[in-house]
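Q: I'm new to reading protein structures. Could you walk me through one, feature by feature?
A: Happily! Let's look at it together.

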Amino acid sequence: MSERVYIFDTTLRDGEQSPGVSLNIQEKLEIAAQLARLGVDVIEAGFPITSKGDFNAVKAIAENIKGPAICALARTAEKDIDRAAEALEKAERPCIHTFIAASDIHLKYKLRMTREEVLEAIEKGVKYARRFTDYVEYSPEDGSRTDPDFICRVVETAIKAGARVINIPDTVGYATPDEFGSFIANIMNRVPNIDQAIISVHCHNDLGLAVANTLAALKNGARQVEGTINGIGERAGNVALEEVIMALRTRKDRYGFHTKINTEEIYRTSRLVSTLTGMKVAGNKPIVGKNVFVHESGIHQDGVLKERTTYEIMNPATIGLTVNNIVLGKHSGRHAFRERLKELGFNLDEEALNKAFERFKDLADRKKEITDRDLEALVEDEIRRVPEKFRLEHIHISSGNRVVPTATVGVHFDGQLVEEAACGDGPVDAVFKAIDKITGIAVCLKHYALNAVTGGKDAMGEVVVRLAVRDKVFVGRGLSIDIIEASARAYINALNKAVFDFGDEIVGETWNGNGNGKGE
Ligand code: KIV
Ligand code: ZN
């Protein structure tokens, strides 16, 4: 029997530290539930001391998600650990992950502590965390740049104090595979009590070496991998879990490990994380990019038709990617629609199914061939609706290369139809300005991205926007064959989320005689 590698997911903690990403509790719960279906061993749900929102999210995940251990991050200070323990109170298997940096550069410039003081903090912090749970993980931050002799003392101290998992982070993504492999081997060979803990690794991707470093560490004794879905995270991100998992599975001949991951959930998990964070997956991203199983060259197409393995090293079905390209059309009935959704893993209640079917019919009138990707986009858009303070009714634009772009937008505002017009730098800008006049919400557009869901002239456009409202960022998503309409839908979706979060107090903040949202 091959040895097991444990999968520790930090999408909701390190992943959420990606610039511009901010998830609300519902979104975090949805991702956590999907991670449980994926079969990860540990979900790092957040860093409770950092904010009330983080605390509440960890608490909600601890209360609701069963299966994986639920982990909370804390520095070695008692107040951090208390807050983590409190958030984890209801978890089936709570894990406290405590950390303090160990490299000289961090000790000198950031912590202003001596090595002896750091060892003392580790011992105290780990022992204190053990009062709440026997499942304590310790990380020497900037581990890979720590002196190899000192890291052995650090690891020995943490294990002696009661840590069950020691995580070695390559915090700044500086290590190279041969170097990181030797670094782990040094720890495995020289720490006397190493048999009492599991070594985990946490590689950042600044040099694009995160997967290679992780695999090198596994070759040298590590047995847990920490990373995120789609590789999101600080700066260049963390190691992409789906890449490590599929490397271990596809090249079992080289590595000889297994995980408990249900790989058929990989694609869905990737999509969900991308949708909710608003971080698009590049087409050529390994495993989950949309080009990964597409063969453009005639020679390749011919080879795959004769024998799939000529040019495909993985079967798309193993990551849960269906290859049914044209499924439904205008004449398809409700039953066929429901069955196809079930096959794609969506079990909608009657109300959501009815709404999704209505939108499907609407789309089928405008688009001849509806693929699985269209269905996924449409249903995800439908099931994730927040209460609609604002609902798009109509748009009219006048635009061209020699006219000032102008938009007239009609929005149902608390059920009443309100119309406003505005000029802008382009038609999308004009539409957003007209919506701003209607809602009176003070927003700043941080990000706008347009993506075609499938190929072809009649492809649906998917727009993702990130809007800053007060101190928070809201991701909005809109779908339509018309990209101006998709933009307006995305913008309104983000505004509805902001109202859902802050309440009505943000509405009308910018009305000062330039319209008051009721068209008066
Ligand atoms: O990158 C890092 O060092 C971390 C630690 C908190 C594990 O994220
Ligand atoms: Zn990290």
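Q: How are the donor residues of the zinc ion (ligand 2) spaced in sequence?
A: Keep in mind that this is a predicted model. A spacing pattern gives each donor's letter and the number of residues in between; here the pattern is D-x187-H-x1-H. The donors are Asp 14 through OD, and His 202 and His 204 through NE2, at 2.0 to 2.1 Å.

Q: Why does the pair Asp 14 and His 204 tie together parts that are 190 residues apart in sequence?
A: Look at where each one sits: Asp 14 is in the loop between strand S2 and helix H1, while His 204 is in the loop between strand S8 and helix H8, so the pair links parts 190 residues apart in sequence. Both residues are buried.

Q: Is Thr 11 buried or exposed?
A: Residues under 20% relative accessible area count as buried. Thr 11 has 1% relative accessibility, so it counts as buried. Thr 11 lies in the loop between S2 and H1, and its contacts beyond four places in sequence include Glu 16, Gly 227 and Val 273.

Q: Which way do the residues of strand S7 point?
A: In a regular strand the side chains alternate between the two faces of the sheet. In S7, Val 165, Asn 167 and Pro 169 point one way, and Ile 166, Ile 168 and Asp 170 the other; all are buried.

Q: How many bridges pair S7 and S8?
A: There are 6 bridges, in the parallel sense. One of the partnerships joins Asn 167 to Ser 200 in S8. Together with helix H7, S7 and S8 make a right-handed β-α-β unit.

Conventions: Residues numbered from 1 in each chain as written. Chains lettered and ligands numbered in written order. Predicted model: local features only at pLDDT ≥ 70, side-chain atom pairs only at ≥ 80, totals over all residues. Heavy atoms only, no water. Donors = N, O, S within 2.8 Å, 3.2 Å for Na, K, Ca; no water. Helix = DSSP H or I, 4+ residues; strand = E, 2+ residues; numbered from the N terminus. Buried < 20%, exposed > 50% of the residue type's maximum accessible area, 1.4 Å probe, protein only. Contact = heavy atoms within 4.5 Å. Pairing = 2+ DSSP bridges. Right-handed = clockwise from strand over helix to strand, strands pointing away.
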